[in-house]
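Good morning. I will take you through one structure today, beginning with its pocket and then moving on to the sheets. Please have the picture open in front of you.

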Amino acid sequence: LHAHFLHTPASVTRYAAILRELPWSCSAHAKDIWTTPEWEKREKLEACAWVTTCTEVNARHLRDLARADRPVDLIYHGIDTLRFPPPPSAHRTCDGADPLRPVSILAVGRAVDKKGFDDLLAALARIPPDRHWRLVHIGGGPLLRKLKDTARGLGLADRIHWRGPQAQAAVLDAYRAADIFALPCRVAADGDRDGLPNVLLEAQSQKLACVSTRISGIPELIHDDVTGLLVEPRAVALLADALTRLIADPALRQRLGEAGFLRATSDFSLDAGEDRLAERFAMRH
């Protein structure tokens with residue numbers, strides 16, 4: 001038996017495996033790792049045959065808790081280039097100087113604490129007034145109304161388009177229409193955090209320059225000033241500086257977008273992860 005997520009799904013799978021006298025395994029991701037008590041993780045790592053996880057940060061943490069002979073495999077989620085083929089045209093070369101051609105910033109993700117979208121709004125409020133931009137946000141979530149109120153309080157409401165949840169085809173179109181992708185992840189109050197957000201891989205598959213934070217597995221994908229820009233979590237001033245730099249420099253956006261595309265579609269391809277999982281499932285326990 002195999003479970004996705006180390007918290008409740010793994011508990012159910014573990015009990016079912018005991019009842020059926022079968023081995024079981026698990027894929028661990030983000031919230032399920034960082035909000036599960038340590039004693040519970042140790043018990044499950046002891047009981048299962050093997051575990052896979054999607055970032056090196058996760059893998060090191062689980063290996064520290066597991067027995068030496070308990071396999072913990074690092075397998076990145078990977079990007080499916082059939083679902084996210086390369087963009088048909090290059091991104092725009094505007095620099096935000098013309099108010100009639102604002103630079104388009106895209107953010108995709110649920111409105112929850114760990115995404116840091118309130119940090120993004122605070123950073124956007126710090127961008128010099130002679131650099132013109134607009135923000136598109138895609139996603140639902142419990143903090144969406146609060147974010148809209150925050151945007152109004154900062155005087156940004158007329159520059160932000162809140163699109164809510166969208167089908168994948170619409171999200172792909174949004175990646176291709178944007179100039180910059182922003183995702184300022186952070187650790188939430190309850191310890192929840194992202195592992196390696198799929199939306200970063202998706203954005204890079206569309207040659208979109210990304211700015212994010214040094215947290216969890218994100219630096220495994222984005223190398224600062226090589227395949228994107230990274231700042232510290234909750235560092236609003238630094239985030240504003242990074243966004244301003246990207247807005248004003250279309251050549252930088254192109255360089256980072258091209259490098260990010262090559263890394264995402266080669267080192268993070270879907271095929272390598274599928275092959276490793278196939279090997280694990282084929283093993284006799």
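Start with helices α2, residues 31-34, and α8, residues 198-205: each of them supplies at least two residues to the lining of the largest pocket. Before I go on, note that this is a predicted model.

How much space lies in the largest pocket? The value is about 490 Å³. The lining is made up of 24 residues, and the closest to the centre of the pocket are Ala-30, Arg-110, Lys-114, Lys-115 and Asp-194. By type, the residues of this lining divide into nine nonpolar, six polar and nine charged.

Now the enclosed space. Searching the whole structure for cavities of 30 Å³ or more turns up one. About 30 Å³ of space lies in the largest cavity. Its lining consists of Asp-119, Pro-184, Thr-213, Val-231, Glu-232, Arg-234, Ala-235, Val-236 and Leu-239. Five of the residues in that lining are nonpolar, one is polar and three are charged.

Next, the sheets. One open sheet has four strands, in the order β1-β2-β3-β4, and the pairing is parallel. Which strands stand at the edges of this sheet? They are β1, residues 2-4, and β4; each has a single partner strand, so one side of each is left without a neighbour in the sheet. On average, and ignoring direction, neighbouring strands here are turned by 20 degrees against each other.

Stay with this sheet and look at strand β3, which covers residues 50-53. Are its residues buried or exposed? Trp-50 and Thr-52 lie on one side, Val-51 and Thr-53 on the other, and all of them are buried, which leaves both faces of the strand covered.

On to the partners of β3. Strand β2, residues 25-28, runs parallel to β3 and is joined to β3 by four bridges. Within this pair, Cys-26 stands opposite Val-51, and Ser-27 stands opposite Thr-52. Strand β4, residues 72-74, also runs parallel to β3, and three bridges join the two. Here Val-51 stands opposite Val-72. To get from β3 to β4 the chain passes through helix α4, residues 56-65, and this β-α-β crossover is right-handed. So that you can find Val-51 again: this residue faces Cys-26 in one pairing and Val-72 in another.

The other sheet I want to show is also open. Six strands form this sheet, in the order β7-β6-β5-β8-β9-β10, with parallel pairing. Why do β7 and β10 each have one side without a neighbour in the sheet? Strands β7, residues 160-164, and β10, residues 229-231, stand at the edges, and each has a single partner strand, so one side of each stays free of a neighbour. Neighbouring strands of this six-stranded sheet are turned by 20 degrees against each other on average, again with direction ignored.

One pairing from this sheet, to finish. Strand β9, residues 209-213, and β10 run parallel and are joined by three bridges. Ser-212 stands opposite Leu-230 in β10. One more residue to look up is Thr-213, one of those lining the largest cavity. That is the end of the tour.

Note on methods
Residues numbered from 1 in each chain as written. Predicted model: local features only at pLDDT ≥ 70, side-chain atom pairs only at ≥ 80, totals over all residues. Heavy atoms only, no water. Buried < 20%, exposed > 50% of the residue type's maximum accessible area, 1.4 Å probe, protein only. Pairing = 2+ DSSP bridges. Right-handed = clockwise from strand over helix to strand, strands pointing away. 1 Å grid on protein atoms, 1.4 Å probe; cavity = no way out; pocket = protein on both sides within 12 Å on 5 of 7 lines; lining within 4 Å. Points joined across faces, edges and corners; volume = space filled by probe spheres on them. Nonpolar A, V, L, I, M, F, W, Y, C, P; charged D, E, K, R; others polar. Axes fitted to C-alpha atoms, helices over the stretch in contact; angles between N-to-C directions.
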